[in-house]
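Colleague: Hi! I'm new to this one, so could you walk me through it?
Modeller: Happy to, let's bring it up first.

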Amino acid sequence: MSYRALVDSFSAEVDLPVHVNQVLAWVRENTDHKSILLHGVSRESTSFRGAFRRRSVPAGGMYSHDHEIYTDVFYGEDLADDWKRLVIVKEVIHVFDGPEACVDTPEKLANLIPSIIARQLSGSPFLPALNDHFGPFRAMAVLLPAALRDRMKEAVDSGSRTISEVATFCQLPEVYVDIWINYAPEIEPLLFEAP
Amino acid sequence: MKEMDRLTKLLFPEGTEGSKVIDLKFFPGEQPVTVEEFCKDVHAAFVQADSGQSQSSEWFAESTTRQNVDRFFSAM
């Protein structure tokens with residue numbers, strides 16, 4: 001199953017917030033990623049909010065070629081719940097990343113980190129970094145599905161609801177709700193094209 | 001690049017008998033940092049988790065109850 005299938009599966013949602021556990025259950029049921037562990041970690045500083053690690057570990061006997069996939073999702077235990085929700089879903093959605101978007105060597109890791117802490121894309125394109133920048137919006141597409149997002153935008157534009165109220169109802173960070181409600185038409189097509 | 005080297009050794013250890021990293025990704029934090037500071041903090045987080053000192057679970061403890069969006073709009 002693909003990222004698009006995940007988004008589609010939540011497209012008719014009428015209850016909010018979409019819970020993190022709904023997304024985890026879908027991923028476990030519809031992909032090879034059965035072993036997903038969430039780690040709430042204490043942060044020495046606020047340099048990162050979360051992380052994702054996917055590992056292949058040999059299963060069976062010495063001559064077996066079987067592997068099991070272990071997925072670890074890290075989030076700052078001090079984060080507010082709305083941030084925890086976005087971080088966890090953003091990270092777990094990386095199970096859909098294709099080989100070209102994956103960081104599986106020390107060289108790629110050394111390339112990724114400067115690209116993502118700069119908070120802007122610069123220099124020659126590095127696909128895994130591009131993918132990481134799109135990550136939070138891929139999560140937003142699941143946590144605030146398009147149909148409901150459009151209804152929320154109508155309410156915000158008419159002045160009957162504020163972005164802050166929508167964010168509270170959806171249990172998502174206000175800054176991302178603001179961008180997602182106001183700029184989704186520009187962002188959305190890129191989520192399905194980017195690596 | 002001391003912290004980058006230390007993080008690399010932790011995430012790509014030698015002699016893992018077939019176990020290998022498929023992918024790594026990160027969500028940047030609230031404050032701008034250097035690569036070394038970032039690597040140091042991320043290293044500490046992975047050590048916590050791998051040594052069993054993190055709060056680990058298969059599911060997330062939500063603090064909210066789901067509600068039909070019509071309730072949100074009808075309260076206008």
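Modeller: A term to start with: two strands count as paired if DSSP finds at least two bridges between them. Please keep in mind that this is a predicted model.
Colleague: Thanks! Where do chain A and chain B use that kind of pairing, and which way do the strands run?
Modeller: Strand 1 of chain A, residues 15–16, is joined to strand 3 of chain B by two bridges, and the two strands run antiparallel. Leu16(A), for instance, has Gln67(B) as its bridge partner there.
Colleague: What kind of peptide bond comes after Leu16(A)?
Modeller: A cis one: the bond from Leu16(A) to Pro17(A) has omega near -5°. Pro17(A) itself sits in the loop that leads from strand 1 to helix 2 of chain A.
Colleague: Back to the two chains. How many residues does each give to the contact?
Modeller: Chain A gives 61 residues and chain B gives 47. On the chain B side, the elements giving two or more residues include helix 1 (2–11), strand 1 (20–28) and helix 2 (35–50). Helix 2 of chain B supplies the largest share, 10 residues. Sorted by class, that side of chain B has 23 nonpolar, 14 polar and 10 charged residues.
Colleague: Can you pick a chain A residue that touches chain B?
Modeller: Sure, try Val20(A), which is in helix 2 of chain A. Leaving out residues up to four places away in sequence, Val20(A) touches Phe60(B) and Glu62(B), as well as Arg85(A), Ile88(A) and Val89(A).
Colleague: Is Val20(A) buried or exposed?
Modeller: Buried, because 26 other C-beta atoms lie within 10 Å of Val20(A) and the cut-off for buried is 20 or more.
Colleague: Let's zoom out. What is chain A built from?
Modeller: Chain A has eight helices and four strands. Starting at the N terminus, the order is α-β-α-β-β-β-α-α-α-α-α-α. Its radius of gyration is 18 Å, close to the 16 Å that the globule rule gives for 195 residues, so chain A is as compact as a globular protein of that length.
Colleague: And what are its dimensions along the principal axes?
Modeller: The C-alpha trace of chain A spans about 65 × 40 × 35 Å. Of the 195 residues in chain A, 43% are buried. For contacts in chain A between residues at least 6 apart in sequence, 70% join residues at least 24 apart.
Colleague: I see helix 5 of chain A. Where does it bend?
Modeller: At Gly135(A), by about 40°, and the proline Pro136(A) follows within four residues. Helix 5 of chain A is also mostly covered, with 13 of its 17 residues buried.
Colleague: What about a kink in helix 8 of chain A, where is that?
Modeller: That kink, about 90°, is at Ala184(A), shortly before the proline Pro185(A). The buried residues of helix 8 of chain A are Tyr176(A), Val177(A), Trp180(A) and Ile181(A). They pack against helix 3, helix 5, helix 6 and helix 7 of chain A.
Colleague: Last one: what is unusual to look at in the loop before helix 8?
Modeller: Look at Gln171(A), in the loop between helix 7 and helix 8 of chain A. Gln171(A) has a positive phi of about 55° although it is not a glycine. Gln171(A) counts as buried because it has 24 C-beta neighbours inside 10 Å.
Colleague: Great, thanks for the tour!

Technical notes: Residues numbered from 1 in each chain as written. Chains lettered and ligands numbered in written order. Predicted model: local features only at pLDDT ≥ 70, side-chain atom pairs only at ≥ 80, totals over all residues. Contact = placed C-beta atoms within 7 Å. Nonpolar A, V, L, I, M, F, W, Y, C, P; charged D, E, K, R; others polar. Rg over C-alpha atoms; globule rule 2.2 N^0.38 Å. Buried ≥ 20, exposed ≤ 12 C-beta atoms within 10 Å, placed from the backbone. Bend = angle between axes of the 7 residues up to and from the residue.
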